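I opened the model today and kept notes on what I looked up. The entries follow in the order I made them.

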Amino acid sequence: MVYMLLGTGFEETEAVTPIDLLRRADVSVATVGIGGKVVTGSHGIPVTADMELGQMDLTQLDMIVLPGGMKGVASIKGCPEALEAVRFAWENDRFVAAICAAPTILAMLGITDGKRATCYPGFEDRCTGAQMVDADVVTDGQITTGRALGAAIPFALELVRLLTDEQTAARTAEEIVYRV
């Protein structure tokens with residue numbers, strides 16, 4: 001199970017694109033609302049989450065995904081239960097993925113220490129301990145980071161690859177007519 005954490009002010013495209021592509025690849029994804037089931041994104045788009053934070057079953061967790069959006073990232077950082085879920089994923093060798101400003105959450109928790117990562121340009125100094133890479137998507141072990149909204153498709157396809165295989169990721173890219 002993939003859990004996509006949605007805090008008020010999350011970047012809609014950075015959440016919906018991975019949800020969509022993972023589901024196209026037959027990966028189970030549940031959206032998780034922080035502070036309620038209806039969560040409004042950074043551009044005023046309300047999304048009804050599949051569940052609230054306390055309903056996650058971490059024993060079923062394969063990956064946790066954190067979209068960007070400054071207020072959404074602040075929502076996650078301000079929620080001890082959300083941070084504990086991220087920490088649980090990391091400490092139990094599950095995949096942890098974050099895009100845009102969200103890699104700062106991983107840095108705050110020490111998850112990216114000594115790991116290669118990317119983030120929204122200008123936020124590198126908030127990712128202390130990480131080895132910052134100038135790339136749209138970076139995977140280092142069980143951590144995947146994405147640069148920004150413009151990298152949402154390659155970020156999502158990398159998550160598909162990690163949870164399935166190269167062929168499924170390639171097929172998913174072909175189905176959406178994505179070309180590198």
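**Entry 1: the loop after α3**

I started at Asp93, which sits in the loop between α3 and β7. The model is a predicted one, and I read every entry below with that in mind. I looked up the backbone of Asp93 and found phi near 55°, a positive value in a residue other than glycine. Is Asp93 buried or exposed? Its relative accessible area is 61%, over the 50% cut-off, so I entered Asp93 as exposed.

I then turned to Cys100, in the loop between β7 and α4. Phi of Cys100 is near 70°, again a positive value in a residue other than glycine. The relative accessibility of Cys100 is 10%, so I put it down as buried.

**Entry 2: helix α3**

I went back to the helix that Asp93 follows. Does the span of α3 agree with its number of residues, or disagree? At 1.5 Å a residue, the 12 residues of α3 (residues 80–91) should span 16 Å, and I found the end C-alpha atoms 16 Å apart, which agrees.

Next I listed the buried residues of α3: Ala82, Leu83, Ala85, Val86 and Ala89. Looking down the axis of α3, I saw these buried residues fall within an arc of 155°, so they line one face of the helix. On the other side of α3 I noted Pro80 and Glu91 as exposed. I also checked what covers the buried residues of α3, and the cover includes the strands β1 (2–6), β6 (63–66) and β7 (95–99). The helices α2 (70–77) and α4 (103–108) are also part of that cover.

**Entry 3: α2 and the loop that leads to α3**

I picked Ser75, which belongs to helix α2. Which residues does Ser75 contact, leaving aside neighbours within four places in sequence? I found Gly7, Thr8 and Ile34. I took one distance as well: Ser75 and Ala151 are 76 residues apart in sequence, and their C-alpha atoms are 22 Å apart in space.

Cys79 comes in the loop between α2 and α3. With a relative accessible area of 13%, Cys79 is buried. Not counting residues up to four places away in sequence, I found Cys79 touching Ile34 and Leu53. From Cys79 to Val47 I read 19 Å, C-alpha to C-alpha, with their positions 32 residues apart in sequence.

**Entry 4: Thr112**

I looked up Thr112 in the loop between α4 and β8 (116–117). The relative accessible area of Thr112 is 1%, so I entered it as buried. What does Thr112 touch, not counting residues up to four places away in sequence? I listed Leu106, Ala107, Ala117, Gly129, Ala130 and Ile143.

**Entry 5: helices α5 and α6**

I repeated the span check on α5. The 12 residues of α5 should span 16 Å at 1.5 Å a residue, and the end C-alpha atoms are 17 Å apart, which agrees. I wrote down the buried residues of α5 as Ala152, Phe155, Ala156, Leu157, Glu158, Leu159, Val160 and Leu162. These buried residues pack against two helices, α1 (12–24) and α6, and against the strands β6, β7, β10 (137–140) and β11 (143–146).

In α6, I found Thr168, Ala169, Thr172 and Ala173 buried. Seen down the axis of α6, these buried residues fall within an arc of 135°, so they line one face of the helix. The face of α6 turned away from that side carries Gln167 and Glu174, both exposed. I noted α1 and α5 among what covers the buried residues of α6.

**Entry 6: the largest pocket**

I ended with the largest pocket, which has a volume of about 170 Å³. Which residues line this pocket? I listed Pro154, Leu157, Glu158, Arg161, Glu166, Ala169, Ala173, Tyr178 and Val180. The elements that give two or more residues to the lining are α5 (152–163) and α6 (166–175). Of these, α5 gives the most, with 4 residues. I sorted the lining by type and found 6 nonpolar residues, no polar ones and 3 charged. Two of the lining residues, Leu157 and Glu158, are also on my list of buried residues in α5. From α6, Ala169 and Ala173 line the pocket and are buried.

Note on methods. Residues are numbered from 1 along each chain as its sequence is written. This is a predicted model: local features need pLDDT of at least 70, side-chain atom pairs count only at pLDDT 80 or more; totals for chains, interfaces and linings use all residues. Side-chain values use heavy atoms; hydrogens and water are left out. The expected span of a helix is 1.5 Å times one less than its number of residues. Buried means under 20% relative accessible area, exposed over 50%, partly exposed in between (1.4 Å probe, protein chains only). The arc is that of the directions from the helix axis to the C-beta atoms. Contact means heavy atoms within 4.5 Å. On a 1 Å grid over the protein atoms alone, a cavity is a set of points where a 1.4 Å probe fits but cannot get out, and a pocket is an open set with protein on both sides within 12 Å along at least five of seven lines; lining residues have an atom within 4 Å of a point. Grid points are joined across faces, edges and corners, and a volume is the space filled by probe spheres set on the points. Ala, Val, Leu, Ile, Met, Phe, Trp, Tyr, Cys and Pro count as nonpolar, Asp, Glu, Lys and Arg as charged, and the others, Gly among them, as polar.
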